[in-house]
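Visitor: I've just opened this one. Walk me through some of it, please.
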Amino acid sequence: MEYQALYRKYRPQRFADIIGQSHVTETLAREVQENRVAHAYLLAGPRGTGKTTTARILAKALNCTNLGENGEPCNTCNSCVAVTEGSSLDVIELDAASHNSVDDIRDIRVSVTTVASVGGAKRIFILDEAHMLSKAAGNALLKTLEEPPPHVHFVLATTEPYKLLDTIRSRSQRFDFHNVAVELLAGYLTRISSEEEYEVEPAALTAVARHARGSVRDALSLLEQVAALGDGSVEVRGVNRALGLADSEVYAQLARAVVRQDARAAIEMVASLSAEGVDLRRFVSEGIAFFRGVFLAHYAPNLAEVADDSADVLEEWVRVSKELPAPDVLRTVDHLAEALLRLREGREERLMVEITLLKLTRPETAGDLASMAARLEHVEQRVRRLGAGVPAVVKPATSVGGDAAAGEVGAAKPATRPAASAAAEGQSQTGLSDGPWPSDEQNIPDEPPPSEPAELETSEPQSDVPGMALIGDLTLGQFESVWPALVAGVRDDLGPRRQALFREASPGSVQGLTVTLLLPDHLSFHLEQLQSDDLVKEVVEAHAAELLGGSIQIQFRSGSQSDEGVSVSSDEMETLPDKHELLEAPSGPTDPDALVEGLLGGQVVEEIVDEN
């Protein structure tokens, strides 16, 4: 017997055999059973989901002489066998891509007027790729499509229904086909593999189903290709070889490189993938899909309900999301998407991928706003650690193609949360940091646990907040030392609107455990909003207590209000000039040379004029 491709060999012959489209097949079977079949149907949906197959099964059911009670064709009578073999005179299947002229529609109108080959039978016209009809041909079909003879039925199949005329869509009963879920498609591939006696790995079939993107025909074609490559064995490695894909662990390694800003590891990764024959364009495309899942893990607590992937893939997304901050995830997706566009333009693949990964692992090499925000975030992380009394971690510079990163000695390790904050939340650092890291494992020293600043230690009684001690002898200088870390820490908790109001405030004075934050006189609206919003006060006090090691109170005041009862240290008073001194200071002549030197930082050189 002549060999047939799997998608032809296992083409469904009954409504129940079509997977993932029960909302369509059950409706059609019930209409056939109750003899309430419409005169025209429009089957729309992605490729390989069963539109043409459903149209043929409907044609068989309409002319079946032994129709089942559930509306299923028997597949044994002469009419069913003729439709299956493609020799039925009553089922006319046309490709609209090659029959899209007005003359072709005239031929259809002539065929509609003829009777069926058997008395009482139905004539079914299946018009595949119906969106390819020209506007004139579509208008010529309208009258026939709206009022065909009682024994004629039309079935239009298309992947782009929006290209059809509105008048055609309104005259047809429309059914939308959906992409088949990964788990359902993997189960179907398991049955096919069992019948074909393939040796399969469940993970390999899941990979085939995922890369088929909901198309049953594409999944069977890929399964057949992988089985031929593996001599009857279907393995994950075979799937990756057939598609030119990278192993799933590569994307977790890329996430590590982004977290640690290790450009060397990223460039070495591209070299390794290129040596293995991986399609770099597919690598970028799959990378976008992977980091999309990490993004969903950040913001979707019901990840299993919003993502159509296996449990191990979801677990990997969650694990990476615990280590890679959400802004870095979005920045990664943006850069990979931009790289994919450039690759589709025909740019040199390896160079584009290397540049993209360099931008991800070295934000200072990119000039976009997202990269600048990432650099600022890393600086804020360093300031937060310094404010909490943790010394900066010195990371040796990593050379990429020369001395590109030579100036980064002494930079703190980025994207690392203070241990004190993690301990307060009761969360353990898990995920990517547990895995091996060949490039920086020996270069980055362990970060010491943060200790409370020595000057803030006190023997004062405990505060009302459980686990939080009171601070004694807090000065304005101590509070100003943690002010940058405080502003950065409250940004995510306050939200954009409250953060815009709060960032206008600045430390004014300290009295006991009460810190006064001042706003400029002209920002009366900001002051009113901050004083009336208890959430701002609670968030700022909580973060300040975490940084200072004890509870404090925050109040907002205008800069023009009198500071009665506010204590200012004698040192700070000595630095302020007296108002009367400023008024009574004698005004001497202004030296232009000194003014230039002070403002411009230059040196005045005497100009020599040549009298000749």
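**A look around**

Visitor: On the other side of α4 from its buried residues, which residues are exposed?
Guide: N78 and E85 are exposed there. Exposed means over 50% relative accessible area, buried under 20%, partly exposed in between (1.4 Å probe, protein chains only). This is a predicted model, where local features need pLDDT of at least 70, side-chain atom pairs count only at 80 or more, and totals for chains, interfaces and linings use all residues. Residues are numbered from 1 along each chain as its sequence is written, and side-chain values use heavy atoms, leaving out hydrogens and water.

Visitor: And what's buried in α4?
Guide: In α4, residues 78–85, you'll find S79, C80, A82 and V83 buried. Down the axis of α4, they fall within an arc of 165° (directions from the axis to the C-beta atoms), so they line one face of the helix.

Visitor: What covers them?
Guide: The cover includes α3 (51–63) and β2 (91–95), counting heavy atoms within 4.5 Å as contact. Helices are DSSP H or I runs of at least four residues and strands E runs of at least two, numbered from the N terminus.

Visitor: What follows α4?
Guide: G86, with a positive phi near 80°.

Visitor: New topic: what lines the second largest cavity?
Guide: H335, E338, A339, R342, M352, I355, T356 and K359 do. A cavity is a set of points on a 1 Å grid over the protein atoms alone where a 1.4 Å probe fits but cannot get out, and lining residues have an atom within 4 Å of a point.

Visitor: Which elements give two or more of those?
Guide: α17 (326–344) and α18 (349–361).

Methods
On a 1 Å grid over the protein atoms alone, a cavity is a set of points where a 1.4 Å probe fits but cannot get out, and a pocket is an open set with protein on both sides within 12 Å along at least five of seven lines; lining residues have an atom within 4 Å of a point.
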